Amino acid sequence: MISAVVEYRGWKEGSRCGYCASARGKVSVGMWAHSMTVQDYQDLIDRGWRRSGKYVYKPIMNQTCCPQYTIRCQALRFQTSKSHKKVLKKMLKFISKGDVSKVVSEEEPMDSHIEDVVSSDFAYKSESQVSQTELTPLNEDHAEGAENEDKDNVETNVKKVESGSLQIPVDKDAAGPGEPSHSSKTVHAPPKPGKGADLSKPPCRKAKDIRKERKLQKLLQNQMGTLEGSPLQAGHQALLSQNSKTPTNQPKSIEDFIFVSLPDDAPHKLEVRLVPVSFEDPQFKSSFNQSATLFAKYQMAIHKDTPSECGENEFTRFLCDSPLEAENPPNGPECGYGSFHQQYWLDGKIIAVGVIDILPYCVSSVYLYYDPDYSFLSLGVYSALREIAFTRKLHEKAPDLCFYYMGFYIHSCPKMRYKGQYRPSDLLCPETYVWTPIEQCLPLLELSKYSRFNQDAKAVDEGRIKDLGRVRVLHKRTIMPYSVYKKRRKGPSDEASVQQYASLVGQTCSERMLLFRS
């Protein structure tokens, strides 16, 4: 099976930015993905790419007005903050007791701001008009014949990648205990004092517990003076020793809040359903109209879209069309890999939908839309926490899947900094594509909105393009290396465009995906 077929569209600049309102400050590159394996997309997002429908784009970080850094949360080590616990408790009270007390909600995480990409005519109006016939390669004999034209590359002809086999590179330096390695290295360093939790120390104890312990110790010490030499001394010493030990006051996990037993007479019922994004799936098909209607309601209320901007066609292109091919290998999660809608059903109706991609190493959040009537439940925060818990659940069956990708972190836009509150989290270095703890990145971003996080001046992009001739090309329904295509091509050279594409996707993806050339 073909790994991927993509059309590279090159640079797009001068469009209005959705974060700083700059009229001509946003700069990015994009490509139209006709098909893509989950491993392809995993490798791409680990190089700063993201998708909107079938359009895959990457900000040019050192030129765009608001640099967008890929951010991921280490789901296995995630620690709930006080504000996170408030949201979880608020939902629990609403379901179990019907409590609808409204408080000022925080910025809704995963309330994606890629609408500036979605509304762009570059993303949709320039949708590929290439016929499926042109994208379908001929049989293997034709492909092999084209590759063999380049005698210098006989030993390095690219191999076909089977979609069912997920070859995961091992990087011993990139993973800590319980965190499998992945396609990009991680720069590890302890958090700075006062920032983040020190995982090497026991959890903080409540002042009330400490006061009780001291009072008990003082009482027992006073009694010990009168019991000196008596048979009861040993018993009191044991009691003092027992109460002097540090209590195991472990903080509650997300699961402790989410998967709690509810009373039989609970006024509400919340059910979260995972539905594959496919019109062949009965659940997805039967809930499509309700889901599309909710999307329109959300877009018009929250993002002030007009009805024509959020109709069924726009909903389908944006959140239902996906280039990812569904895969269900035996060593993967039970639901398989691919694109999904996580539907939140409250009392028989959908009140929120989290659009996610399940990939070899992560759950990637694509978008969230919800019923504005239930905004008092902080559904953005709640859904993000549910998705982190879901990632941890998938990890039980698929050990390599242990991260939660939250899209882009934009430090230059204060209202987009909320994603940094999900700790521990890492940002992707825009030059070497290594993961760096966010605690190390924030001081750098305070000095400059664009920053190289990898402090090793000699470090380079390990996945950079090394041999342009090995880039795989689909030309006239035949697969061939670029070195052969270059000889066959008629007309002006396109080497600069191919070089740019290969440098951005990296050597591995450029040798596995097919770059369509007319």
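A salt bridge here is a side-chain nitrogen of Lys or Arg within 4 Å of a carboxyl oxygen of Asp or Glu. With that in mind, select Asp 40, Asp 43 and Arg 512 to begin: salt bridges link these residues in a network.

You are looking at a predicted model, in which local features need pLDDT of at least 70 and side-chain atom pairs count only at pLDDT 80 or more, while totals for chains, interfaces and linings use all residues. Residues are numbered from 1 along each chain as its sequence is written, and side-chain values use heavy atoms, with hydrogens and water left out.

**The whole chain**

Zoom out and colour by secondary structure. The protein chain has 14 helices and 15 strands; these are DSSP runs numbered from the N terminus, with helices being H or I of at least four residues and strands E of at least two. Of its 518 residues, 52% count as buried, a word that means under 20% relative accessible area, with exposed over 50% and partly exposed in between (1.4 Å probe, protein chains only). Switch on the surface if you like: the accessible area is about 24,800 Å², and carbon and sulfur atoms account for 51% of that (Shrake-Rupley method, 1.4 Å probe; for residues, only the protein chains shown count as cover). Among contacts (heavy atoms within 4.5 Å) between residues at least 6 apart in sequence, 71% join residues at least 24 apart.

**Helix α11 and its partner**

Next, select residues 379-397, which are helix α11. From first C-alpha to last, its 19 residues reach 27 Å, close to the 27 Å expected at 1.5 Å a residue (1.5 Å times one less than the number of residues). Of those 19 residues, 16 are buried, so α11 is mostly covered.

Add residues 82-97, helix α2, which packs against α11 at an angle of about 100° with the axes 10 Å apart. That makes α2 roughly perpendicular to α11, the word for angles of 65 to 115 degrees; under 35 is roughly parallel, over 145 roughly antiparallel and the rest oblique. The axes are lines fitted to C-alpha atoms, for helices over the stretch in contact, and angles run from 0 to 180 degrees between N-to-C directions. Show side chains to see where they meet: His 84, Val 87, Leu 88 and Met 91 come from α2, and Leu 379, Val 381, Tyr 382 and Leu 385 from α11.

**More salt bridges**

The whole structure holds 17 salt bridges. Here are three to visit.

- Pick Asp 357 and Arg 51, whose side chains meet at 2.8 Å, N to O. Asp 357 is in strand β8 (residues 349-358) and Arg 51 in strand β3 (residues 50-52), so this pair ties together parts 306 residues apart in sequence. Asp 357 is buried at 0% relative accessibility, and Arg 51 is buried at 4%.
- Move to Arg 470 and Glu 511, with closest N and O atoms 3.0 Å apart. The pair joins the loop between α12 (438-447) and β13 (472-475) to helix α14 (residues 495-512). Arg 470 is partly exposed at 26%, whereas Glu 511 is buried at 16%.
- Then try Glu 314 and Arg 317, at 3.6 Å. They sit three residues apart in helix α10 (residues 312-320), about one helical turn. Glu 314 is partly exposed at 23%, as is Arg 317 at 28%.

**Last stop**

Finish at Asp 264, in the loop between α8 (254-258) and β6 (270-276). Asp 264 is exposed, at 85% relative accessibility. Its C-alpha atom is 9.1 Å from that of Ser 96, although the two residues are 168 apart along the chain.
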